[in-house]
Amino acid sequence: MHRNYVLAILIFCLMILCVACTDTETVKPEALKQYESDKNETVELTQVSLIQNDFIVYFVNCAAGKVTEADAGDIMGLYQSVTDQRYGEDSGTGMLWGYQEKSYMAADGDLNSLNKLDTKWVIKEGTDIIPEETGFYYDFSVPPGEYEVICGFYDPFSARPVSVRAEDEQVIVDQKILKYKLTQTSFLQQVSDGVLNLLIYNPSSGDEVMKDPVLSYIIIRAVPDYDEGLLSNLIDTASFDDTELEEYTTASKERYQTAYREAKITLRKADPSRQDYKNSYLKLKEVYDTMIKKPYYTTFRPGQVWKDTEDNLIQAHGGQVQRLTVKEKHTGKMVEKWWWVGEDKTQGCRGGICAYSSDDLYNWTFEGVVMRNVSSRKQLEEEEYFKKLYADYTSEQLDKVYTCINDSTSIIERPKMIYCKETGQYVIWFHADGPTKSNHSNYAAASAGVAVSDTPYGPFRFINRYRLNTCPEDQEDKYPKSKGMARDMNLFVDDDGTAYIIYSSEENLTLYISKLNFSYTYLAADPKEAVYGVDFIRIFPGAQREAPAVFKRNGKYYMMTSGCTGWAPNPAKMFMSDSMLGTWVDKGDPCIDDTKRTTFDSQSTCIFLADEEKKIYVYMGDRWNNENLADSRYLWLPLNFDEEGNASLTYTNEWKLP
Ligand code: DGJ
């Protein structure tokens with residue numbers, strides 16, 4: 001026992017008495033319930049403070065000096081006011097604790113960092129090591145009882161073993177620390193004399209510096225006695241009212257409600273065991289500590305992480321936003337919503353189509369994968385979702401569905417949704433690609449896919465994928481060996497209800513605009529009969545444009561496009577016309593001060609009217625992350641227009657609608 005023991009106990013008792021005076025809750029855990037000082041005084045800790053502190057009585061960020069706070073994710077111990085100190089009285093708590101200073105100890109790392117992995121104790125070079133003795137000695141005043149001791153080692157230099165002695169017993173023998181990795185070791189320790197003594201050392205170290213002990217942090221947690229009182233206290237501490245709970249993601253809320261309910265059931269049980277209390281306690285505590293609040297945005301932050309209201313990255317790449325009147329799922333009421341559809345990239349380059357809804361354009365609620373892709377042909381006939389959706393499809397049609405929207409070979413990109421008043425259906429067109437029988441490339445099919453649903457929530461039923469119009473014979477086809485190709489695409493519905501599909505064709509060398517039929521589910525005229533200038537046009541043959549985004553403003557039609565450089569960004573180009581099938585004029589790059597000439601590191605996908613009154617058009621671009629497509633970012637910027645109606649785009653880090 002340490003010779004300062006008596007002083008430690010006295011200070012400890014005083015502190016505990018103070019706590020007891022201000023809060024009458026008493027602690028039940030055996031180890032902390034009662035502590036008899038040498039004056040025979042009874043002291044008690046509050047369960048509430050212990051619960052709130054996760055029973056951590058000390059957290060030592062070794063060698064960090066007198067830092068008064070712990071890093072995010074760590075908790076300062078109840079008995080300390082600094083993260084490390086030489087053995088002595090803690091000036092904030094009065095407790096006696098700390099390391100015994102040895103001449104061979106050296107502090108290593110960024111000594112002002114809060115991160116417990118950034119600093120550590122090491123042994124000074126040239127130290128004469130006494131393997132059984134040379135190490136780091138720490139003493140902590142604690143009430144008698146059981147403690148969990150956690151020692152952390154982060155050694156960026158070399159692997160080595162470390163051992164731990166506690167209360168003069170070797171408790172950890174040759175724990176292997178791995179190079180560049182965090183190694184944690186923990187053990188339970190009974191303390192009966194009021195001071196927990198630790199020695200962290202390496203009995204097998206010798207002349208080799210690389211084998212000297214190191215130590216990054218120590219955490220000491222009281223082991224609570226899980227009983228009725230403790231669980232009740234946690235239930236009281238970890239409670240929310242209904243409004244508060246609504247601020248958390250549905251997943252967090254549901255996990256919490258389950259754990260809370262289970263904890264209440266345990267309390268009501270006729271004769272719950274300690275294990276029952278413990279299980280319920282640990283579950284509720286874990287759930288409570290990991291609750292995630294719904295993100296809430298009040299601005300657009302181009303290129304920054306953008307999450308939905310469930311805290312998941314928004315998966316609506318290559319997408320489109322529009323204003324819709326929809327039947328709200330939970331109320332059945334018809335409401336106006338912003339609706340965003342786009343590619344789900346959570347599985348990489350192959351995925352279905354997601355939808356999100358919003359009231360303010362900043363905060364988006366996930367409405368589901370509205371067109372799912374399929375894992376096997378069998379799934380189409382066996383899984384209820386697909387069985388119902390494709391109930392009247394022939395086997396041949398199902399084969400086609402499988403070929404076009406399977407999750408192993410098909411590509412589903414740039415989905416765009418329009419509502420057809422004639423049929424009352426929502427129609428999604430998308431770039432439907434994948435290998436063909438004769439060509440194994442991912443982009444060989446080069447087709448346009450179409451799917452329909454009675455609601456924007458889906459499920460969308462895939463109809464077919466098609467090659468579209470071809471170059472008239474009296475014009476120069478830029479890619480005659482493959483006719484009717486359709487890749488990057490968009491849709492536009494004009495004021496008279498005529499819908500158009502705008503897409504890259506002729507191996508992405510030429511953009512086409514083709515009219516759709518009355519139901520928006522196919523071309524207005526079959527490619528064999530289509531009349532150039534009436535049913536379709538080609539724009540700038542050989543100009544190699546993709547990612548078209550079309551909108552109409554003051555009677556003029558605009559089309560923003562990108563060049564064709566895979567996932568890498570390139571300079572944009574704006575075209576203008578007096579009609580959809582009219583003459584499109586090249587207006588050049590609309591981006592101002594885009595020094596890298598990369599459309600501010602993005603590729604166009606849609607331009608929509610965000611504020612009808614103030615006439616605010618928003619450019620939506622994708623900043624693709626080829627390494628991790630799901631983590632591709634969105635870049636939304638307001639467009640500017642001059643007096644002649646020329647559009648331009650300037651970059652800003654953050655903005656909001658006026
Ligand atoms: C560029 C297109 O715009 C994207 O949609 C995607 O097809 C990539 N090319 C693939 O490289």
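## A guided tour: helices, two loops and a ligand site

The crossing of helix 4 and helix 7 is left-handed. The structure on the screen is a predicted model, and the tour begins with this pair of helices.

**First stop: helix 4 and helix 7.** Select residues 228-237 to display helix 4, then add residues 274-289 for helix 7. Two packed helices are described by the angle between their axes and the distance between the axes. Here the axes come within 10 Å and cross at roughly 20 degrees. Because angles under 35 degrees count as roughly parallel, helix 4 and helix 7 are described as roughly parallel to each other.

**Second stop: helix 6 and helix 7.** Keep helix 7 selected and add residues 250-268, which form helix 6. The axes of helix 6 and helix 7 are 9 Å apart, and the packing angle is about 155 degrees. That angle makes helix 6 roughly antiparallel to helix 7, since the term applies to angles over 145 degrees. Viewed as a crossing, helix 6 passes helix 7 in a left-handed manner.

**Third stop: two backbone features in loops.** Most residues other than glycine have a negative phi, and most peptide bonds are trans. Select Ala63, in the loop that runs between strand 3 (56-61) and strand 4 (88-89). Ala63 has a positive phi, near 70 degrees, although this residue is not glycine. Next, select Gly458 and Pro459: the peptide bond from Gly458 to Pro459 is cis, with omega near 0 degrees. Pro459 belongs to the loop between strand 21 (447-453) and strand 22 (461-466).

**Last stop: the ligand.** Which residues are around the ligand? Select Glu413, Arg414, Tyr443, Asp488, Glu546, Gly566, Trp567 and Gln603 to display them. This shell divides into four charged, two polar and two nonpolar residues.

Three of the contacts may be examined in turn.

- Arg414 places a polar side-chain atom 2.9 Å from an oxygen atom of the ligand.
- Gln603 likewise has a polar side-chain atom 2.9 Å from a ligand oxygen atom.
- Gly566 contributes a backbone N or O atom, which lies 3.3 Å from a nitrogen atom of the ligand.

On its own the ligand has 290 Å² of accessible area, and the protein covers 89% of it.

How values were computed. Residues are numbered from 1 along each chain as its sequence is written. This is a predicted model: local features need pLDDT of at least 70, side-chain atom pairs count only at pLDDT 80 or more; totals for chains, interfaces and linings use all residues. Side-chain values use heavy atoms; hydrogens and water are left out. A residue is near a molecule or strand if one of its heavy atoms lies within 4 Å of it. A polar contact is a pair of N or O atoms within 3.5 Å; within protein, one must be able to donate a hydrogen and the other to accept it, and residues adjacent in sequence count only if both atoms are side-chain atoms. Accessible areas come from the Shrake-Rupley method with a 1.4 Å probe; for residues, only the protein chains shown count as cover. Ala, Val, Leu, Ile, Met, Phe, Trp, Tyr, Cys and Pro count as nonpolar, Asp, Glu, Lys and Arg as charged, and the others, Gly among them, as polar. Axes are lines fitted to C-alpha atoms, for helices over the stretch in contact, and angles run from 0 to 180 degrees between N-to-C directions. Helices (H or I, at least four residues) and strands (E, at least two) are DSSP runs, numbered from the N terminus. Angles under 35 degrees count as roughly parallel, over 145 as roughly antiparallel, 65 to 115 as roughly perpendicular and the rest as oblique. A crossing is left-handed if the near helix is turned anticlockwise from the far one by less than a right angle, and right-handed if clockwise.
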